[in-house]
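The exercises below are meant to be worked through with the sequence and the structure open side by side. Each one sets a task and then goes through a solution step by step.

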Amino acid sequence: MIRRQRLAAGVCALLAALTAGLAFPAGAVADETEQSAPKVELVLDVSGSMRTRDIDGGTRMAAAKQAFNEVLDATPEEVELGIRTLGADYPGNDRKTGCKDTAQLYPVGPLDRTEAKTAVATLAPTGWTPIGPALLKAAGDLDGGEGARRIVLISDGEDTCQPLDPCEVAREIAAKGIGLTIDTLGLVPDAKTRDQLSCIADATGGTYTSVRHKEELSDRVGQLVDRAADPVVTPVVTEGAGECAAAPALKSGLYTDREEFGQQRWYKVEVNPGQELRASVSVADDRAVHPDYGVLLRAVTLHGREIVRGEAAGNGRTDVISTGLRYPRPASDDDEATAETVCLQVTNSFSAAAGVKTTPGLPLELTVDVVDGPSKASDVAAFGLGRGWWLLGALVLAGFVAGLLWGWLSRWRVAVWRTN
C-alpha cells in the first residue's frame, strides 16, 4: 500500500513537471501586420429547388431571406459585405444560358443595411445552379486588398453546370494564394450535395455546415461573417524550388505554397551565430488520397549535410499532417562570423486516389521563426523542454521526498491505530 502511494505521488509530480516544462517554449509566431477592411460575399442559390417547403414549414428561400435580414442587422461595422446570386434570373431550359446566370445583387463595400435588405426581398427562386461560375465571379468581386476575404456559399443542391467542377474551381482559387476562404452551407442536403459542398470548403480551408432549420442558418451565417472581422495573419505566398541553390530566401513569418504529390520543395533561411531556427510545416490533403502517407522537413547545409529533421506519418484519419524542427546555432567568439544559410527541404509521400486530379498541388503552410538562441546549444533539451529540465528535476525530487514522507506518515498512523 505504501509503495503504491509513493509511486502515485511520484507520477503526479512527473506529470506536473512535464506539463509545466512543455508550456515554457514559445513557438514560432508570425507578425500580424495592419490590414485593410475584411471583406465577405454571401453567395445565395436562388435556383428553382429553393421553392421546396421543408424548413420549419416554410420554403428554403424564405429561410434564406430571414437569415440574411438578421445577419445584415448584426454585421460588424468594419466588415465590407456584398451579396451575389446564382440561378436568380433565367427561368428557361437552355443550359448554356442558365450556366451564366450569376449576378452581384449588392456590391462588396460599406454596408447600407436598408438597401441590402430591399435587394434581398426582391429575390424569387428561378433557374439553374451554376455554383462553379458563381465562385469564380465572387473571387473576382473580392479581389484586391490585404484583409481577410471570405465567401459564404448557401445552396440546396449540386452544381448543374458540369464539367466546370466547383470543387476544381475552389482548388484553383486556393492555388492563387490570395488568402480567400470559402465556407459552405447545405440546405437540407442529400449525400451528393453534401460531398460537393464539403469538397469546396476543404479546398480553401473553409468549413461545411448542414442546415435543416431557420435558426441554424441565421446563427451559422452570422458566425462566419463575424469571423471575418477577427484579426488574422495572412500567409505570404512563396514558391519553393526544386533545389536549394535556387530556393527563395525566407525571413521569420508564415508562408503558403503548393506541392505536387511526392514532390520536394526547397527554401533558404539565414541563421546568425547565437540564433535558433524554428520551422514547422503542414500539408493538407484537400482531395481524396490513399492512406499511409508522410511529411518530412529537413534542415540541410549548403553542402548537403543534414543538420536536423522532423517527420510525421498519417493513416488517412486526418486531413492535415504537420511536423517541425529546431536548430540552435552556437554563438561564436569571432566578431566577423557570418550568417549560415540553412536549406529547408519539404517532402511528402501522398498519392492521389484513382481518378483524382493531381494539379494544383497540395496546400502547404510553412512557419519560420529565427530567434535568439539559448546560451549553450546543449541547453536545448529533447521534447522541447529547454531549460525546463531544471524545473523537471526539482519537481521529481520534490515528488520523491513527498512520497517518502507520505509513506512514513502512513506507517506511523497504522502503528498508532494498532496500539490504540
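**Exercise 1.** Determine in which sense β10 and β12 pair, and then place β12 in its sheet.

Solution. Start with the two strands themselves: β10 and β12 pair in the parallel sense over two bridges, where strands are DSSP runs of E with at least two residues, helices are DSSP runs of H or I with at least four residues, both are numbered from the N terminus, and two strands pair if DSSP finds at least two bridges between them. Within this pairing, L250 stands opposite V269 in β12. This is a predicted model, in which local features need pLDDT of at least 70 and side-chain atom pairs count only at pLDDT 80 or more, while totals for chains, interfaces and linings use all residues. Residues are numbered from 1 along each chain as its sequence is written, and side-chain values use heavy atoms, with hydrogens and water left out.

Next, turn to the other neighbour of β12: strand β12 (residues 264-271) and strand β17 (residues 340-348) are antiparallel and share eight bridges. Y267 stands opposite L344 in β17, and R265 has V346 of β17 as its bridge partner.

Finally, put the strands in order: five of them form an open sheet, β10-β12-β17-β14-β15, with mixed pairing. Its edge strands, each pairing on one side only, are β10 (249-250) and β15 (306-314). As for covering, six of the eight residues of β12 are buried, a term that stands for under 20% relative accessible area, with exposed for over 50% and partly exposed in between, using a 1.4 Å probe and protein chains only.

**Exercise 2.** Describe the order of the six-stranded open sheet and name the helix α2's neighbours in it.

Solution. The strand order is β5-β4-β1-β6-β7-β8, and the pairing is again mixed. At the edges are β5 (102-109) and β8 (208-211), each of which pairs on one side only. Neighbouring strands of this sheet are turned by 15° against each other on average, with direction ignored; axes here are lines fitted to C-alpha atoms, for helices over the stretch in contact, and angles run from 0 to 180 degrees between N-to-C directions.

Inside the sheet, strand β1 (residues 39-45) and strand β6 (residues 149-155) run parallel and are joined by six bridges, and E41 stands opposite I151 in β6. Helix α2 (residues 60-74) lies across β1, β4 (80-86), β6 and β7 (180-187), and runs at about 165° to β1.

**Exercise 3.** How do helix α5 and helix α6 pack, and is E168 buried or exposed?

Solution. Begin with the geometry: helix α5 (residues 131-141) and helix α6 (residues 166-175) pack at an angle of about 20°, with their axes 8 Å apart. That angle makes α5 roughly parallel to α6, since angles under 35 degrees count as roughly parallel, over 145 as roughly antiparallel, 65 to 115 as roughly perpendicular and the rest as oblique.

Then look at the contact, meaning heavy atoms within 4.5 Å: I131, G132, L135, L136 and A139 of α5 meet P166, V169 and I173 of α6.

Last, consider E168, which is placed in helix α6 and counts as buried at 12% relative accessibility. Apart from its neighbours within four places in sequence, E168 is in contact with K357 and T359.
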